[in-house]
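Reader: I have not met this structure before. Could you show me how to read some of its features, one at a time?

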Amino acid sequence: MAEYQEPTYAEVNRDVLRTMLVTGPKYWTALGISMTVAVVCFFGPWFYQIHVGVGAAGMNRSAFWGTYLSNFIFWIGLSHSGTLLSAVLHITQSSWRKAIYRSAEAMTLFSLVTAAFFVMVHVGRVWFVHWNFPVPNQMGLWPNFRSPLMFDVMAVTTYLTASSIFIYMGSVPDFAAVRDASTGMRRRLYTIFSFGWRGTQKEWHTLGWAYTFFAVFVIPLAVSVHSIVSWDFAMSIVPSLHQTIFAPYFVCGAIYSGTAGIVSVMFLLRKFLGLERYIREIHLDNLGKLLITLSLIWTYINIMEVFTGWFSGSSFEYEAMKFRMFGFYGPLYWEMLLFCALVPLLMLFGKIRKNWRYMFIISILINIGMLTERFLIVATSQPRKFLPDAFGFYFPSPVEISITVGSFAIFTTLFLVFVKWVPCVSIYEVKETLQPLRKRAT
Amino acid sequence: MASNILGLFRYEEDFIDAAERLKSAGYDELTLMSPIPLHDAEKVAGLGKSSPVRRFSLAGALLGAFGGFALATFSATVFLLPTGGRSIITFPPFLVIAYEMTILLGVLFTLLGFHVVSGLPAWRDVPYVEDTNVDRFSVVVEVDEKSDPEAARRILDEGGADEVRDLGEY
């Protein structure tokens with residue numbers, strides 16, 4: 001294996017800016033495919049559903065929630081590691097964060113946007129989506145702030161705002177680097193984006209403080225967002241949902257799937273943007289260790305969920321639990337445990353943890369497991385509540401399946417656009433991790 | 001009229017030394033630019049261990065906390081809908097709204113604080129060298145009629161500057 005040679009400051013600028021300024025046919029092909037899939041699989045079926053009504057989805061009288069909501073939880077969950085991990089590692093001054101955090105934060109942002117699409121799809125009459133916002137209607141009636149759904153609106157919009165500001169402010173010095181390396185219209189645009197940044201000590205000092213405060217605000221926010229999403233379910237009295245463990249369960253699951261998402265994204269960025277020199281084995285190793293820890297916590301919470309259900313002595317809980325584990329969707333439950341509890345144990349072996357291909361496959365499997373987990377929460381609870389006359393069955397319709405596939409294309413499209421507009425590796429923070437430009441050190 | 005002299009440095013330590021020497025020679029109007037944040041340079045620039053940004057953050061967070069609770073309380077009382085004997089103004093759910101608003105306004109005010117304190121956006125014509133954003137450190141010293149430009153140039157030269165340039169007036 002070739003010895004790692006640290007890049008110089010100028011090389012960092014050159015390598016990172018190249019990912020933005022040089023675009024090959026592979027990029028355009030990927031963008032074309034993802035945009036086409038997004039239009040055909042997401043927007044087409046969505047407009048069809050708007051035209052014929054929400055009956056196009058598989059939701060029915062006992063199952064009022066379907067894949068739209070489970071996908072909403074999945075995408076909100078996926079958003080969790082980016083900003084949260086970045087903020088936590090910034091506060092704890094972990095230098096390994098610096099090469100990967102920008103893309104991880106972008107993942108947060110685009111996952112949130114994708115999740116927001118699912119809210120619009122789920123509500124059916126999308127033209128009334130503004131009823132979610134804290135403004136009164138024509139009769140002076142305000143939304144009900146006692147409802148977890150309103151908590152959700154407040155939390156997700158705050159998270160979207162804070163994450164956007166967090167990623168933007170962290171990128172300002174790098175926008176200046178793009179400005180300096182470009183000409184014409186792009187230069188004018190990045191002059192605006194960079195606010196006229198020069199790198200004076202006053203600017204660095206103020207940015208450092210502001211960024212730390214953003215991080216301090218974002219950490220409790222991220223924890224609150226998924227806790228609140230869990231309350232959408234836990235504050236109902238539906239058996240298997242009405243549990244106090246749901247908030248930590250959701251937060252842990254969110255960070256878990258988000259961290260796995262970071263590994264997948266890092267693999268692709270490294271491979272296709274030629275960032276091997278910056279996204280290195282140490283990042284993979286540390287993310288792997290984090291994933292093992294999260295996997296163990298997630299497994300423990302799952303065991304506790306089953307235990308508390310059993311310990312409750314409630315026949316409704318037993319029935320819901322039995323249906324989840326051994327009913328129609330039983331195989332999916334065991335698949336979830338296989339992918340999220342057992343497969344990640346392979347990362348205990350250093351050789352696997354430091355291998356990009358293995359880690360990519362494991363990260364994808366974890367997220368398949370997490371998508372399944374969210375689906376099971378929705379599909380095995382409401383259709384199995386209380387007395388048998390209220391029992392029903394839910395299976396996603398082709399429209400819902402298509403929209404689910406399309407959502408991945410929306411995320412991919414947004415990410416592909418992002419890598420051409422924002423340096424996907426933080427230039428100035430990577431420079432901070434290099435040997436300082438000192439006479440005595442050279 | 002004040003004019004500006006730029007010294008461009010390859011090494012961080014030369015840059016800091018030159019800035020310190022200029023400062024002790026009485027040149028107070030210094031602009032220090034670097035590709036990365038440097039605590040030593042911040043000290044030379046006279047920037048303290050804290051920043052007024054924190055006051056903006058605190059103000060935003062407090063306003064958000066009170067504003068969020070007030071919003072929930074106001075919306076519940078403007079159109080009374082008693083339900084199941086529950087109280088109209090109720091703490092647990094309203095505190096969640098207050099919590100989210102604390103963070104939202106805290107973040108927005110921190111952003112405002114950043115702009116106010118840093119003076120950005122600043123799209124006016126100011127002394128700047130693009131190399132500073134790559135791998136060079138620069139000191140811009142503003143000299144007026146009372147100060148000696150030659151002495152400043154000499155300090156920069158002797159301090160190991162790769163290049164000393166007259167930038168004129170801004």
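Reader: Where in chain A is A:Ser240 found?

Author: Please keep in mind that this is a predicted model, in which local features need pLDDT of at least 70 and side-chain atom pairs count only at pLDDT 80 or more, while totals for chains, interfaces and linings use all residues. Residues are numbered from 1 along each chain as its sequence is written, and chains are lettered from A and ligands numbered from 1 in the order in which they are written. A:Ser240 is in the loop between helix 8 and helix 9 (246-273) of chain A, where helices (H or I, at least four residues) and strands (E, at least two) are DSSP runs numbered from the N terminus.

Reader: What is the sign of phi at A:Ser240, and is A:Ser240 buried or exposed?

Author: Most residues other than glycine have a negative phi, and most peptide bonds are trans. A:Ser240, which is not a glycine, has a positive phi of about 80°. A residue is buried if 20 or more other C-beta atoms, placed from the backbone, lie within 10 Å of its own, exposed if 12 or fewer, and partly exposed in between; A:Ser240 counts as buried because it has 23 such neighbours. A:Gln93, in the loop between helix 4 (80-91) and helix 5 (101-122) of chain A, also has a positive phi, near 55°, but it counts as exposed because it has 7 C-beta neighbours inside 10 Å.

Reader: Which peptide bond of chain B is cis?

Author: The bond from B:Leu120 to B:Pro121 is cis, with omega near 0°, and B:Pro121 belongs to the loop between helix 4 (91-118) and strand 3 of chain B.

Reader: How should I read helix 8 of chain A, and how many residues has it?

Author: Helix 8 (residues 201-234) of chain A has 34 residues and reaches 49 Å from its first C-alpha to its last, close to the 50 Å expected, a span taken as 1.5 Å times one less than the number of residues. Of those 34 residues 26 are buried, so helix 8 of chain A is largely enclosed by the rest of the structure.

Reader: How many residues of chain A are in contact with chain B?

Author: Contact here asks that two C-beta atoms, placed from the backbone, lie within 7 Å, and 51 residues of chain A are in contact with 54 residues of chain B. The largest share of the side of chain A that touches chain B, 16 residues, comes from helix 8 of chain A.

Reader: How are the strands of chain B ordered in their sheet?

Author: Two strands pair if DSSP finds at least two bridges between them, and in chain B an open sheet of four strands has the order 2-3-1-4, with antiparallel pairing. The edge strands, each pairing on one side only, are strand 2 (30-33) and strand 4 (163-168) of chain B. Strand 1 (residues 3-9) and strand 4 of chain B are joined by five bridges, and B:Leu6 stands opposite B:Arg165 in strand 4 of chain B.

Reader: What does the overall extent of chain B look like?

Author: Its C-alpha trace spans about 85 × 30 × 25 Å along the principal axes, and the chain has five helices and four strands. The radius of gyration, taken over C-alpha atoms, is compared with a globule rule of 2.2 Å times the number of residues to the power 0.38; for chain B it is 25 Å, well over the 15 Å that the rule gives for 170 residues, so chain B is more spread out than a compact globule.
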